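User: Hi, I'm new to this one. Could you walk me through it?

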Amino acid sequence: MSTSHASPHATDPTASQASARETTEGTVYTVTGGDWDEIATAAARGDDEKIIVNMGPQHPSTHGVLRLILEIDGETVTEARCGIGYLHTGIEKNLEYRTWTQGTTFVTRMDYLTPFFNETAYCLAVERLLGIEDQVPDRASVIRVMMMELNRISSHLVAIATGGMELGATTVMIYGFRDRELVLDLFELITGLRMNHAYIRPGGLAQDLPAGAVDQVREFVKKMRKNLPEYDKLCTGNPVFKARLQDVGYLDLAGCMALGATGPILRSTGLPHDLRKAQPYCGYETYDFDVPTDTTCDSYGRFLIRLEEMRQSLRIVEQCLDRLEPGPVMVGDKKIAWPAQLALGPDGLGNSLDHIRNIMGTSMEALIHHFKLVTEGFRVPPGQAYAAVESAKGELGVHVVSDGGTRPFRVHFRDPSFTNLQSMAAMCEGGQVADVIVAVASIDPVMGGVDR
Amino acid sequence: MSEAEANGNGAVPSPRGGTGEVIDVRRGMFGAKEGGDTSGYGGLVRTVRLPGASGRPYGGWFDEVADELEGALEEQGLVPEEVIEKTVVDRGEITFHIARDHLPVTARVLRDDPALRFEMCTGVSGVHFPGDSGRELHAVYHLRSITHNRLIRLEVSVPDGDPHIPSIVSVYPANDWHEREAYDFFGIVFDGHPALTRIMMPDDWQGFPQRKDYPLGGIPVEYKGAQIPAPDQRRSYS
């Protein structure tokens, strides 16, 4: 365990700043903050006052591992750039070595705050390739919509909570995460997991709603209707909150169009573009809801839109509950429908004992079928498809290419966070350093989705 | 020609229209290709066909967009047949295969022509077809028109040896990061991009990870002399 720095000598440059002590592991230096006076005088001696500051990738207010490279002149940001890729996990490549159904377990981890949108978009694309879009049972579509809208609420709650925290309003953070926990409890009840669900599968759902889920969701809607006005009371009219958000992170319609920004950013310019209305999927055209817009083009407008979208989502969830009819949640085609007869046992979620008894004990064919579907999977006719859903953050597009095999040939996610984050420079340059944090929070990027 | 090849895709459902563009011919299964294979899979032949060019009428608003696009290209002094290599309509989506030299002007007329007005580009997705010789690398663009509520796809194919495609960042600034991503993962060089650098992988990374021939490391686990192969070396259904 000996390293070169374990033997300090007289000319050690850190010796003047760091105190050292000997341990069994070698010398340990205690490094405290540098000498800022020295840095400040050095900067003052320079030809200009421009300083390049790296904010992140390990900074609490940059939403995960986002690195902001800011060129600042005094308190003004003259140039801003993003450094991304710190959370790249090669999910798109990984998908090419798993079956089509296993793909959902990967895509759910991309933007980990919007798992149901990732899963639905991926499954819609695979279903289009298979040509079974019309065969997906109604009940499955209704539950997909319900889960997506609950997910929209939980994602917006995190956006508002972390945005508040970065302003120093920790109460907003506590409120937001308190209410998000209610949504995650529902997710856990329905899918067995709080995050990374892999609940929506090509052809339908992994399993039906458990007993009591409908009542619990109704209870949640009631509770949420009571809790939502608290954000209004706490933030909407709050003069400090307004002063920090208004006219910050400005991006008008032309800017949004050019930079491809979608979601609350685009709707804060007054354009009511929402794929749920424009290109409905999962039967969204049959639900009654409004698309909130604002004309301020700023962070405050985006905050108000997120708040209103949560109210609209509650409306949609209620309509879903009202129209839930008993029925299958997976396509009838036994060559596609993964026999996921799951049940919650004492050791967690797994195949139900009844299903295992059936395939192991009574039906040889069912066992063969189960084995073939799980190990080989199903084949998808060659071609390509693009499916897009309106995620909480904007247009989430999936481009899927099949070569006729049992595994995807190529899957590409057009993640809204990735595209929206490009507008960071346009929003921040010329503003104050402190406003960068507000602007980035209003974009609501999730690095899991940006880097994939 | 073996029987499996003659009937299209062997046991695989064939693409609609029966015919299509051959992009690959797969032989064997589970990595068994040569003699010495007693499983019987070594003789399998599967031709991979993507949906081929469609003829008129394309149906719905597709014809209107195609007409307007051809008209707008003629206005630019171009011959539409030289710009649009082929048009594919499949699964309710329309794809224009564009010759790479004409991509920027095509993108510009698609954006600016009032009858087309595709305001938004949702980025570029690279696809690597190692078996499609001379057209190994494909760049796929999806353009959305909010005005007309339409979505079309542009596809540009280039050979592996000359992976250059003109950048359309000047038309759609949103493609800045998307083109960097496609360069990073596929090595497609977008000429005219303001700063074509890697975006996800480290700057000094070698190779282009999402190409099909990029070696996957795997973990060199040894168990009683056996090696655990990397995912792309494992037995799989071809």
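Analyst: Sure. One term to start: two residues are in contact if their C-beta atoms, placed from the backbone, lie within 7 Å. This is a predicted model, where local features need pLDDT of at least 70, side-chain atom pairs count only at pLDDT 80 or more, and totals for chains, interfaces and linings use all residues. Residues are numbered from 1 along each chain as its sequence is written, while chains are lettered from A and ligands numbered from 1 in the order in which they are written.

User: How many residues does each chain put into the contact?

Analyst: Chain A gives 38 residues and chain B gives 36 residues.

User: Which element brings the largest share on the chain A side?

Analyst: That is β11(A), with four residues. Helices (H or I, at least four residues) and strands (E, at least two) are DSSP runs, numbered from the N terminus.

User: And what's that side like by class?

Analyst: It has 13 nonpolar, 15 polar and ten charged residues. Ala, Val, Leu, Ile, Met, Phe, Trp, Tyr, Cys and Pro count as nonpolar, Asp, Glu, Lys and Arg as charged, and the others, Gly among them, as polar.

User: Switching to chain A overall. How many helices and strands?

Analyst: Chain A has 18 helices and twelve strands.

User: What percentage of chain A is buried?

Analyst: 49% of its 452 residues. Buried takes 20 or more other C-beta atoms within 10 Å of a residue's own, exposed means 12 or fewer, and partly exposed is in between; C-beta atoms are placed from the backbone.

User: Now helices. How do α5 and α6 of chain A cross?

Analyst: The axes of α5 (residues 138-167) and α6 (residues 170-191) of chain A come within 7 Å and cross at roughly 160°. That makes α5(A) roughly antiparallel to α6(A). Axes are lines fitted to C-alpha atoms, for helices over the stretch in contact, and angles run from 0 to 180 degrees between N-to-C directions. Under 35 degrees counts as roughly parallel, over 145 as roughly antiparallel, 65 to 115 as roughly perpendicular and the rest as oblique.

User: Which residues make the contact?

Analyst: Among them are Leu150(A), Ile153(A) and Leu157(A) of α5(A), and Val172(A), Phe177(A) and Arg180(A) of α6(A). By class, the residues of this contact divide into 13 nonpolar, five polar and two charged.

User: Any sheets in chain A? What's the strand order in the open one?

Analyst: The order is β3-β4-β5, three strands with antiparallel pairing. Strands pair if DSSP finds at least two bridges between them. β3 (50-55) and β5 (76-83) of chain A are at the edges with a single partner strand each, so one side of each has no neighbour in the sheet. The twist averages 20° from one strand to the next.

User: How many bridges join β3(A) to β4(A)?

Analyst: Six, and these two strands run antiparallel. Lys50(A) has Asp73(A) in β4(A) as its bridge partner.

User: What lies across β4 and β5 of chain A?

Analyst: Helix α17 (residues 433-443) of chain A, running at about 150° to β4(A).

User: Over to chain B. Why is β6(B) called largely enclosed?

Analyst: Eight of the nine residues of β6 (residues 137-145) of chain B are buried, so the rest of the structure largely encloses this strand.

User: Which strands does β6(B) pair with?

Analyst: Seven bridges join β5 (residues 120-128) of chain B to β6(B), antiparallel. Nine bridges join β6(B) to β7 (residues 150-158) of chain B, also antiparallel. Ala139(B) stands opposite Val156(B) in β7(B).

User: What about the turn between β6(B) and β7(B)?

Analyst: The two strands form a hairpin with four residues between them. Asn149(B) in the turn has a positive phi of about 55°.
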